[in-house]
Amino acid sequence: MAAPKDVIWERDPHTAAKHALLRRYLQAWAPIMLSRDEVVTYAEGFAGPGVYRGGEPGSPLVAHQVFSGALRRSPRMVKMVLVEENARRKTELEHRIAATSGSSGARNDRLDVHIAQGQCHPDLLQQLARVGSLDHPMFVLLDGFGGPEVPFPLLQRIATQRRSEVMVTFQPSFLVRFAGKDERHRAAGDAFFGGNDWHGVFQEPSSSKAAYLRDRYRESLGRAGFQHTLVFEMIDEAGHLLYLIFGTRHERGVEKMKEAMWVVDTTSGVRYRDPKDPNQQALDLELEPDTGPLRRILLDHLRSAPAARSVDHLKRYALLETIYRPTQVIPLLKRMRDDGDVNVSPGRITGTSTIAALRQGALF
Ligand SMILES: C[S@@+](CC[C@H](N)C(=O)[O-])C[C@H]1O[C@@H](n2cnc3c(N)ncnc32)[C@H](O)[C@@H]1O
């Protein structure tokens, strides 16, 4: 989106979907982390003013509401570290947090909020160090206007705390349009990706440039230490493509983020597209989800394997390598068996059954 000039601005539909996703995920993340750790931290490097023109809460307020609730059921401590460069937005955010803390019994001495005016980098790390958060698990939202604005060393530093997770906003069109011609923009891209592997985008056809950058950025997150990534594709009001990319080391984090993502209303500007789908089909996550891409992905995977794969292997593959959930695998395999796409041994599908792809037409 174009960066707004006013202190607050209209919330667009994809932002509403992003907040719904964040709320769902933090509702799952907070109790898990608070059951294991004395202190957990929620941080933002591009915090915003905390409110939208229609009065809707910004992401720091969404997080504050979730943690206030979680702390009613836990004796532990949550720190919030919020950095915003714009002085007036930072002041607005302070007022909003103060108003929320003072209302509805949400005041809690174990919810310790630090708001600073500054640059996402290096100020966020300095603030996290100052309040003693860097040695504890953090969930860090880096939700700028899409930039690229997040330097790779910031991700690396966050990843040194092994239970920490990040979520980064990235709008590929800026690099696609400007970085080929302008050295400064190319340097900003190198700082974002942590290297120049992404320069291959200049040789890609227009239709695949965005997906190419998405995949290079997932690799960057992997190099930083977040070996599992999930990508949410959002379309803003002006039709711009925006990626929200989640990185974690933990399968449980992937599982919980997927649960959140499959219940967020996708009528509102968020699309999912599985990076592994050879057809790159955009998906609405409906009650009866379209598992066409998963069918293609599993067939590709089975065909590239030297031997049959167990159902448990395919469920884990779906969890870690696709946007689908493990629970979607068995019902799909049943349909694939009935359609003659795969052979199942023995006939009944359980976790230990093995699955092999049948060549097209092999049944006939
Ligand atoms: C997309 S908005 C954040 C919205 C917020 N995450 C939400 O969902 O409610 C981005 C914010 O980052 C701020 N910003 C832009 N560049 C920044 C930088 N380098 N460091 C810190 N804040 C920055 C902008 O002033 C703006 O308020």
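These legends go with a set of close-up views of a predicted model.

**View 1. The ligand in its pocket.**
Here we're looking at the ligand, which sits in the largest pocket. It has 20 residues around it, and the closest are H19, Y52, E84, R89 and D143. R89 also makes a polar contact: an N or O atom in its side chain is 2.7 Å from an oxygen atom of the ligand. How much of the ligand's own accessible area does the protein cover? Of the 600 Å² that the ligand has on its own, 93% is covered by the protein.

**View 2. Two nitrogen contacts of the ligand.**
Staying with the ligand, this view picks out polar contacts made through nitrogen. For E44, it's the side chain that takes part, with an N or O atom 3.3 Å from a nitrogen atom of the ligand. For E85, it's the backbone instead: one of its N or O atoms lies 3.2 Å from a ligand nitrogen.

**View 3. I245 and its surroundings.**
I245 belongs to strand β7, which runs over residues 241-248. Is I245 buried or exposed? With a relative accessibility of 0%, it falls under the 20% cut-off, so I245 counts as buried. Once you set aside neighbours within four places in sequence, I245 is in contact with V166, M167, V168, Y217, L221, T229, L230 and V231. If you'd like a C-alpha distance to check, try L141: it's 104 residues from I245 along the chain, and the two C-alpha atoms are 10.0 Å apart.

**View 4. S164 in a loop.**
Where does S164 sit? You'll find it in the loop that links α5 (152-159) to β5 (165-170). Its relative accessibility is 1%, so S164 counts as buried. The side chain of S164 reaches over to the backbone nitrogen of M138, at 3.0 Å. M138 also turns up among the residues that S164 touches, along with H136, P137, I158 and F226, leaving out anything up to four places away in sequence.

**View 5. The cis bond before P122.**
The peptide bond running from H121 to P122 is cis, and its omega is near 15 degrees. P122 itself is part of helix α4, which covers residues 120-130.

**View 6. The cis bond before P346.**
Which residues does the cis peptide bond in this view join? They're S345 and P346, and omega is about -10 degrees. P346 is in the loop between β11 (342-345) and β12 (354-357).

How values were computed
Residues numbered from 1 in each chain as written. Predicted model: local features only at pLDDT ≥ 70, side-chain atom pairs only at ≥ 80, totals over all residues. Heavy atoms only, no water. Helix = DSSP H or I, 4+ residues; strand = E, 2+ residues; numbered from the N terminus. Buried < 20%, exposed > 50% of the residue type's maximum accessible area, 1.4 Å probe, protein only. Contact = heavy atoms within 4.5 Å. Near = heavy atom within 4 Å. Polar contact = N/O pair within 3.5 Å; in protein donor to acceptor, adjacent residues only side chain to side chain. Areas by Shrake-Rupley, 256 points an atom, 1.4 Å probe, with all protein chains shown as cover. 1 Å grid on protein atoms, 1.4 Å probe; cavity = no way out; pocket = protein on both sides within 12 Å on 5 of 7 lines; lining within 4 Å. Sits in = over half its atoms within 2 Å of the grid points.
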